[in-house]
Amino acid sequence: MRFAVLGPLEVIADDRPVGVPERKVRALLAGLLAHHGRVVPSVRLIESLWGPEPPGNPLAALRAKVSQLRRALDEAEPGARLLVVTRAPGYLIEADTDAHRFQATLDRLPSTGGPGERAAVLAEALAWWRGPAFADFADSPLVHRTAVRLEEQRLAAVEDYADVRLALGQDAELVGELSELTAQHPLRERFHALLMRALYRSGRQADALEVYRALRERKREELGLDTAPELAALHQAILEQRPALHRPAPAPEPAPARLPEPLTELVGREEALAGLLGLATSARLVTLTGSGGVGKSRLALEAARRLSDRFPDGAHLVELSASSESEVPGVVAAALGLRDDGELAAALGTRRALLILDNCEHVVEPVAKLADLLLRAAPDLRVLATSREPLGVAGEVVREVAPLDPAAAARLFTARALPGTPLAPQEAEAVEVICRRLDGIPLALELAAARVRSMGVRALADRLDDRFRLLSAGRRAGPAHQRTLKAAIDWSWDLLSEPERVVLRRLAVQVGGCTLEAAERVCAVPMPLPGGPPGDVELAAEAQAAGVGPDHLDPAGVADLLARLVDRSLVVRSGGRYRLLESVSAYGMERLRESGEHDLVLRWYATYYTQFAECAEAYRSGPARHRWVSRLDVESANLRGAREAAELLGDTRLATRLTGSLGWYWTQAGRLPTPLDEPATATL
C-alpha cells in the first residue's frame, strides 16, 4: 500500500485508488503522514480535527476515527490496519509515500556524474509531484509545516533541474518556463538568475538586463533590500559579455548506426517478429528473454533492421557478452562513437534512436541502471535488450522467445544441414527425432546440422544421448558462449548461485516434469506426504538416514529457487508443472554426477514417488479415486523412472513397495505397466 501526498491525498493499493470515507478520517491520515514515523499526541490530533469545539468525549471520538481509518485500509489490503500504530501519547504511521520516494531520488544526486545524469535524476524526482503537497489539507495545523518544507524542496529541485538543463544547452526551451516561474515567485532570486542566463545565451542581452533591473526595484520597494551579491555579479558579467556565460559546446552526436547484416535467413519467427515490431511505438523498453541458444539476439537484430527507418538518429547494437559490470557504460558509449560514458545521457537526450543491448544476463544490474537513466533522460529513445532474465526496470515489457515449434525446427534444420538439397523422405522421422530431442533450440539445431555432412541424419539421431560431445565442433565466430551447446548452458550455469545450481542438478532426475511438491521433496530431504499412509513416515526416515547430502536445502526454500530458475530461463513452468528442456536435463545429470550426490538424489526421487504411489493406493476406493487415477496418469513417466532408479540402486525392497502399491492402478484402472526393460530416461 502506498500513500500519495505530493498533490491531493491519495491511498493506492494494487495500483488502484482506495476510498477513505469522511473528511475527518482523511484529515487524521494526512496529519499522521505529515509526521511520518513520529508519534502525534492525541491532544494535538483532537485540536486539529475538532478545533475549539471538541466532542463530549474527545478521546473516544478520536479512537472511533482511528478505527474507521484502520478499517478502510484493511478492507483495501488485508493487514494494512497495522500501519496505524498506537503508541503513547498518541498514534503514528509508517508507510510508503511519494514524498519519501521524492527525497530518496534526490539523495542519489551526489553520486551522479555529468549534467545529463543529474537531469535524469531530477526529472525522476519531480515526476512524483501532482500538485501542492497535501493540497486538500495544507492549512491543517498538523500538516502546514511539512507542506511548506516539501514545497521548498520542490522549488529547489526545479531550480537545480533548470540549472543542469542550461548546462546541456537547453536555454531556448527554458526561457518560457523560467518566465512563468519568476512571475509566480517574484522575489525568488535564483529563478531570476537562471532566466537572465537563458535570455543571454539566446541572444537577448537587453532582456536579461531588464530582468535584473525589475527585480532590484521590486526588492527595494517591497522589502527595502538590495539584490544578493551573486545576482549583482551575474549582472556585471552579462554587461561585460564574459565568455564563461556562453552556451556550452553541444553534446557529440552518436556515430551512424551500423547494424551487422545477417548471414542466414530467420526461420520460424514470423509471429514473434510481428509482435516485436508492433511494440516499437508503444513500449520504450522491451526485453527478449529465453534459454541459451533460443535465438534472442537473431530476432532482436532482425527487428532492429526492420525498425531502423523509424529512428532518424539510428539503431545501435551494443554487444555485452565480453563486458564486465564496470565496463557497461563505456562499452555502450564506444558503440555510439562517444569519447566517454559521461556523454551518454547528453548525447541521447534529444535523439530519436534505437539501442539494442545484447547478452545482458551477466551484467543485468548495471544494464538495468543505465537503461533506466537513459530512458528518463531521452524521451524519444527506445531500448531493445536480450537477456536470459528480465532487467526489472519500471515500464519494461518482457517477451519470452520460445523454442521453435516442430515444423519450424524441421525447416531450420533442413535448411542448415544441406542447403538447397532436400532430405530423403525416409530421413524425415530421424529429423523429427533430432528436432524433438534438441527441444527446437536453433543453436542446437544448427550445430547438429553441421554434423549431417559427415555422419548423416540417422546416425546423428542415434547418438544424441552424447549430445555435448557430438555438438562440440562449434562455430569459430561469435561470442564464446554461443559456439557449442555445452558452452551455452555453461554460461547460464556460471551465473547461478550455489543453491540454484543444487536445485537445477537435482531437478534433472525428474522425467517429464514435476509438481512443486515433488521438486521440494526431491531437491531437499524427503518428508512424509500430507495424508499419506502410516508407512510413509518410515520410508521418509530411511531416505533421510541415507544422508542429507553435501548441499542441504530447506524444502521451504525450493519454491523461491525454482522461481529464480524460471526467471533465468533454465526451468520451464507450464500448467502448474516444472520441467527442464532435454539438453538442460542432460547437462544437469552431468553436474549431478560430478557433485557426488547422484545416488543420493536418485534414492530421494525413488522414495518420493513410492510415497506418492502408496498415498494413491490409500485412496483407491471412494470419491477421491478418480482424482488419484488422473494424478497417477500424469506421473506415469516419473513412476517408471522411480522404478528404474530403485533397480539401479539395487534397492529391491523399495522397488517392490513401489510396484506393489501400483497393482490396483494397473488392474482396476486398466493401466498396463511399462516393462522395466524400456527405460524411462537415458540419463539415470
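Select Glu-22, in the loop between strand 3 (16-17) and helix 1 (23-34); helices (H or I, at least four residues) and strands (E, at least two) are DSSP runs, numbered from the N terminus. Glu-22 is not a glycine, yet its phi is positive, about 70°. Its relative accessibility of 38% makes Glu-22 partly exposed, where buried means under 20% relative accessible area, exposed over 50%, and partly exposed in between (1.4 Å probe, protein chains only).

This is a predicted model, in which local features need pLDDT of at least 70 and side-chain atom pairs count only at pLDDT 80 or more, while totals for chains, interfaces and linings use all residues. Residues are numbered from 1 along each chain as its sequence is written, and side-chain values use heavy atoms, with hydrogens and water left out.

**Other backbone features**

Go to Pro-89, in the loop between strand 5 (84-87) and strand 6 (90-93). The peptide bond that joins Ala-88 to Pro-89 is cis, with omega near 10°.

Next select Gln-241, in the loop between helix 10 (229-240) and helix 11 (270-278). Gln-241 has a positive phi of about 50° and is not a glycine. With a relative accessible area of 44%, Gln-241 is partly exposed.

**Leu-199 and its surroundings**

Select Leu-199 in helix 8 (residues 189-201). Leu-199 is buried, at 4% relative accessibility. Apart from neighbours within four places in sequence, the residues in contact with Leu-199 are Val-175, Arg-204, Gln-205, Asp-207, Ala-208 and Val-211; contact means heavy atoms within 4.5 Å. To set a distance label, add Glu-53: its C-alpha is 55 Å from that of Leu-199, and the two residues are 146 apart in sequence.

**A nonpolar patch**

Show the surface and select Leu-187, Leu-223 and Leu-225, which form a nonpolar patch with about 240 Å² of accessible area together. Accessible areas come from the Shrake-Rupley method with a 1.4 Å probe, and for residues only the protein chains shown count as cover. Patches are made of residues with over 30% relative accessible area and no salt bridge, like charges being joined within 9 Å and nonpolar side chains (Val, Leu, Ile, Met, Phe, Trp, Tyr) within 5 Å. Within this patch, Leu-223 belongs to helix 9 (residues 205-223) and is partly exposed at 44% relative accessibility.

**Salt bridges**

The whole structure contains 47 salt bridges, each a side-chain nitrogen of Lys or Arg within 4 Å of a carboxyl oxygen of Asp or Glu. For a network of them, select Glu-152, Glu-159, Asp-160, Asp-163, Arg-188, Arg-190 and Arg-197.

Move to Arg-469 and Asp-466, a salt bridge whose closest N and O atoms are 3.8 Å apart. Arg-469 is exposed at 63% relative accessibility, whereas Asp-466 is partly exposed at 38%.

Then select Arg-564 and Asp-560, where the closest N and O atoms of the salt bridge are 2.9 Å apart. Both residues lie in helix 25 (residues 558-567); because they are 4 residues apart there, about one helical turn separates them. Arg-564 is partly exposed at 28% relative accessibility, and Asp-560 is partly exposed at 45%.

The next pair is Arg-603 and Asp-651, with the closest N and O atoms of their salt bridge 2.7 Å apart. This pair links distant parts of the chain, 48 residues apart: Arg-603 is in helix 27 (residues 598-618), and Asp-651 is in the loop between helix 29 (636-648) and helix 30 (652-661). Arg-603 counts as partly exposed at 23% relative accessibility, while Asp-651 counts as buried at 19%.

**A helix pair**

Select helix 22 (residues 498-507) and helix 26 (residues 582-595), which pack at an angle of about 110° with their axes 7 Å apart. Helix 22 is therefore roughly perpendicular to helix 26. Axes are lines fitted to C-alpha atoms, for helices over the stretch in contact, and angles run from 0 to 180 degrees between N-to-C directions. Angles under 35 degrees count as roughly parallel, over 145 as roughly antiparallel, 65 to 115 as roughly perpendicular and the rest as oblique. To see the side of helix 22 that takes part, show Leu-504, Arg-505 and Arg-506; they meet Val-584, Gly-588, Arg-591, Leu-592 and Ser-595 in helix 26.

**Last stop**

Finish at Asp-405, in the loop between strand 12 (396-400) and helix 16 (406-417). Asp-405 is partly exposed, at 44% relative accessibility. Add Gly-268, which is 137 residues away along the chain; the two C-alpha atoms are separated by 7.9 Å.
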